[in-house]
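I opened my notebook to a fresh page and pulled up the sequence next to the 3D view. Here is what I looked up, step by step.

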Amino acid sequence: MKVRIGITVGDGALKSDSPDRLLDFIDQCERWEIDSVWVSDRIAAPRPTLDPIVFMSYMASRMRNMKFGTSALVLPTRHPVLLAKQLATLDFLCKGRLLLVVGIGGDDSKDFAAMGVRKEERGRRGDEAIVLIKKLWSEENVTFDGQFYSTKELTILPRPYQKGGPPIWVGGRSKAAFRRAGRLTDGWLVSSVTPTEMGEGIEAIRGHAKEAGREIPEDHYGVLIPYFFARNGEEALAAAGPSLRRRMDIPVEDYAALGTPEAVRNKIRAYIDIGATKFVMRPCGPKRSLHAQVEKLAKEVIPALQTPFSEAEREERLG
């Protein structure tokens, strides 16, 4: 199974008055041969955020090698027909470099009210959207009559570059997310979980997939890990603490990679041992440390853990 390690566009990469810092960050990531760049999805937020569809479209024209993805695209706030068309077009133009992780949004999100969506409907809307999008990417003359969305004899062209469309992964660590992953989607990318919780989630998803007569590929399990390099874990926690997203039930050190490059490598290995193969690393800490943190990841962590690109993969990445 191939281990791949990407980076997420965190708060430190974006300034509200200029795109230059972000674009320089992206260019550096490509020079360092990082596998992929990921962006989240928030409409109503107290800080600058990028629209993921627009961002990825621009990146598709700017980057030659890297893939790009969403972690996670909030389905209930977007109409699935328009979204299917946008993503099919993007995947077609970038020749299959699109990675897609979807979700149903957080309990505290203000996006639902902003978009006129009832929060209590988000799970059902998300499930329905996944089914419809997959049909639109793989079938012709799609007639669909759902609770929230409907189509009549609709065909979307061009098709995505990836046959059947980009694999749809899902985020979340609830029991409902496990059911959604196993019954409807093609993979699972989760954040803020320990290696033990990751293993339990994988087993639950496999169980739901088996009940539905499906199978999730072995290498379609991934995790987003916040990280910060320092001389030791205590120093890393002190520097990165304000930017770490904390759970109330367990220490942040249980799911963050903090300290020396060896400590970060060991944290990633713990997830690999439990069955994860895809990683989205989130640099934390002061904004001024962003480039140094990503460069150290690229030079002292990724080469030791990521499966080397084959010649065919290198040629494909170069287009």
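My entries below go through salt bridges, one unpaired charge, one strand residue, a helix and a hairpin. First reminder to myself: this is a predicted model.

**Entry 1: salt bridges**

I searched the whole structure and got 20 salt bridges. I picked a few to look at.

I started with Asp 27 and Arg 62, whose closest N and O atoms are 2.7 Å apart. Asp 27 sits in helix α1 and Arg 62 in helix α2, so this pair ties together parts that are 35 residues apart in sequence. Asp 27 is partly exposed at 22% relative accessible area, and Arg 62 is partly exposed too, at 29%.

Next I checked Arg 180 with Asp 127, where the closest N and O atoms are 2.4 Å apart. That pair links distant parts of the chain, with Arg 180 in helix α6 and Asp 127 in helix α5, 53 residues apart. I noted Arg 180 as buried because its relative accessibility is 10%, which is under 20%. Asp 127 comes out partly exposed at 25%.

I also found a network of salt bridges linking Arg 118, Glu 120, Glu 121 and Arg 125.

**Entry 2: a charge without a partner**

Which side chain of opposite charge is nearest to Glu 30? I found Arg 97, 5.4 Å away, and Glu 30 has no salt bridge although it is buried. A salt bridge needs the nitrogen within 4 Å of the oxygen, so I see why Arg 97 at 5.4 Å doesn't count.

Glu 30 lies in helix α1. A polar atom of its side chain is 3.3 Å from the backbone nitrogen of Met 66. Setting aside neighbours within four places in sequence, I listed the contacts of Glu 30 as Arg 62, Met 63, Arg 64, Asn 65 and Met 66.

**Entry 3: Val 102**

I went to strand β4 for Val 102. Is Val 102 buried or exposed? It counts as buried, at 3% relative accessibility. Ala 72 is 30 residues away along the chain, yet the two C-alpha atoms are separated by 4.7 Å. Beyond its sequence neighbours within four places, Val 102 touches residues including Ala 72, Leu 73, Ile 130 and Trp 169.

**Entry 4: a helix and a hairpin**

I traced helix α5, residues 122-138, and it reaches 24 Å from first C-alpha to last, close to the expected 24 Å. Its buried residues include Ile 130, Leu 132 and Trp 137.

Last, I looked at β5 and β6, which form a hairpin with four residues between them. The strands run antiparallel and are joined by three bridges. One partnership I wrote down is Asp 145 with Ser 150.

Key. Residues numbered from 1 in each chain as written. Predicted model: local features only at pLDDT ≥ 70, side-chain atom pairs only at ≥ 80, totals over all residues. Heavy atoms only, no water. Helix = DSSP H or I, 4+ residues; strand = E, 2+ residues; numbered from the N terminus. Expected span 1.5 Å × (residues − 1). Buried < 20%, exposed > 50% of the residue type's maximum accessible area, 1.4 Å probe, protein only. Pairing = 2+ DSSP bridges. Lys, Arg positive; Asp, Glu negative; His and termini not counted. Polar contact = N/O pair within 3.5 Å; in protein donor to acceptor, adjacent residues only side chain to side chain. Contact = heavy atoms within 4.5 Å.
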